[in-house]
Amino acid sequence: MNCRLRKLLAHSNLLQSCSSVFRRKQSSKAVGKFGAEVYHGTLENTVKYVKLFSLANSAVVIPAIPAFIYFYRDAFAENAKVAGASIFCGTSVGFLTPLLLHFYTKRYVTKIFFNPTNSQFTLRYFSLFLRHKHVTFKASDVTSPPGFLQTHVIKGKPVFIMKELFTSDQIYAKLMGYDKYFKR
């Protein structure tokens, strides 16, 4: 082989390995009650642990606010502005941080399952209190209008799904309804 051909082959192998970083291989997991897993969000653990930290922080801060007010009541009596600022900071950390995090992460899909017997998809995401929520839908329920932190709307719920994280391009085509245009 000449040198140019070797470089070209090495470059194409490098491109294939780089493009496969995002793509997961077909898993050998057993088919569960929702079907086979066809999508796995890579940020699932990150989202879970950030929300868990925020909820744990709230569980500590919210009960501490009345105790904080009680122990520092003399200082707060002298300076009402310090009292107001302290209470505001405590409640914003306790209540607003988990709500704000949930606002941004509620659209992130952690898993999608496909049941080929009835052609239904089931997506999974986290609720405010880290419970798994599921939405079961058919390909006809999917639209993809552009929007803030969303790639698709499924049954009226905006979601964020990355095409690269599907185990198969055919499954993504089925999800989007592209397969019906290519049937003969």
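The following paragraphs lead through the fold of this protein chain, from its secondary structure to its sheets, cores and aromatic contacts.

The structure is a predicted model. The protein chain holds five helices and seven strands. Read from the N terminus, these elements follow one another as α-β-α-α-α-β-β-β-β-β-β-α. Of the 184 residues in the protein chain, 32% are buried. Among contacts with a separation of 6 or more, 57% join residues 24 or more positions apart.

The description begins with the sheet formed by β1 to β4. These four strands make an open sheet in the order β1-β2-β3-β4, and the pairing is antiparallel. The edges are occupied by β1, residues 36-40, and by β4, residues 132-137, each of which pairs on one side only. From one strand to the next, the twist averages 25°. Helix α5, residues 169-176, packs on this sheet and touches β1, β2 (111-115), β3 and β4. The direction of α5 makes about 95° with that of β3.

Within the sheet, the pairing of β3 and β4 can be followed residue by residue. Strand β3 spans residues 120-126 and pairs with β4 in the antiparallel sense over six bridges. Two of the residue pairs may be named: Leu-123 has Val-135 in β4 as its bridge partner, and Arg-124 has His-134 in β4. In a regular strand, side chains alternate between the two faces of the sheet. The two strands form a hairpin with five residues between them. In the turn of this hairpin, Leu-130 has a positive phi of about 60°.

A further sheet is built from the strands that come later in the numbering. Strands β5, β6 and β7 form an open sheet in the order β5-β6-β7, with antiparallel pairing. Because β5 (142-143) and β7 (157-159) each have a single partner strand, one side of each is left without a neighbour in the sheet. Strand β6, residues 152-154, pairs with β7 in the antiparallel sense over three bridges. In this pairing, Val-153 stands opposite Pro-158 in β7.

The interior can now be considered. In soluble globular proteins, nonpolar side chains tend to be buried together. The largest nonpolar core contains 20 residues, of which Ile-112, Leu-123, Phe-137, Ile-161 and Phe-166 touch the most other members. Each of β1, β2, β3, β4 and α5 supplies at least two residues of this core. Helix α5 gives the largest share, four residues. A second, separate core has five residues, including Val-47, Tyr-108, Phe-126 and Leu-130. Leu-130 is thus a member of the second core and also the residue with positive phi in the turn between β3 and β4.

Helix α5 deserves a closer look. Its buried residues are Ile-171, Tyr-172, Ala-173, Leu-175 and Met-176. An α-helix has 3.6 residues a turn, so residues three or four places apart point the same way. The cover over the buried residues of α5 includes β1, β2, β3, β4, β5 and β6. Elements of both sheets thus take part in covering this helix. After α5 comes Gly-177, whose phi is positive, near 85°.

Aromatic side chains form another set of contacts, with a count of 10 aromatic pairs. A pair of aromatic rings is described by the distance of the centres and the angle of the planes. For Phe-68 and Tyr-72, the centres are 5.0 Å apart and the planes make 50°, which gives a tilted pair. Phe-68 is partly exposed because its relative accessible area is 36%, between the limits of 20% and 50%. Tyr-72, at 46% relative accessibility, likewise counts as partly exposed. One aromatic cluster consists of Tyr-39, Phe-166 and Tyr-172. Of these residues, Phe-166 also appears among the core residues that touch the most other members, and Tyr-172 is one of the buried residues of α5.

Charged side chains also lie over aromatic rings. Arg-73 lies over the face of Tyr-70, at 4.3 Å from the ring centre. Lys-157 lies over the face of Tyr-125, at 4.1 Å from the ring centre.

A last position to consider is Phe-95, located in helix α4, residues 80-105. With 45% relative accessibility, Phe-95 counts as partly exposed. Its C-alpha atom is separated by 9.8 Å from that of Ala-59, and the two residues are 36 residues apart along the chain.

Methods
Residues numbered from 1 in each chain as written. Predicted model: local features only at pLDDT ≥ 70, side-chain atom pairs only at ≥ 80, totals over all residues. Heavy atoms only, no water. Pairing = 2+ DSSP bridges. Axes fitted to C-alpha atoms, helices over the stretch in contact; angles between N-to-C directions. Contact = heavy atoms within 4.5 Å. Buried < 20%, exposed > 50% of the residue type's maximum accessible area, 1.4 Å probe, protein only. Core = buried A, V, L, I, M, F, W, Y, C linked by side-chain atoms within 4.5 Å. Phe/Tyr/Trp six-rings, centres within 6.5 Å; stacked < 30°, edge-to-face > 60°. Lys NZ or Arg CZ within 6 Å of the ring centre and 35° of its normal.
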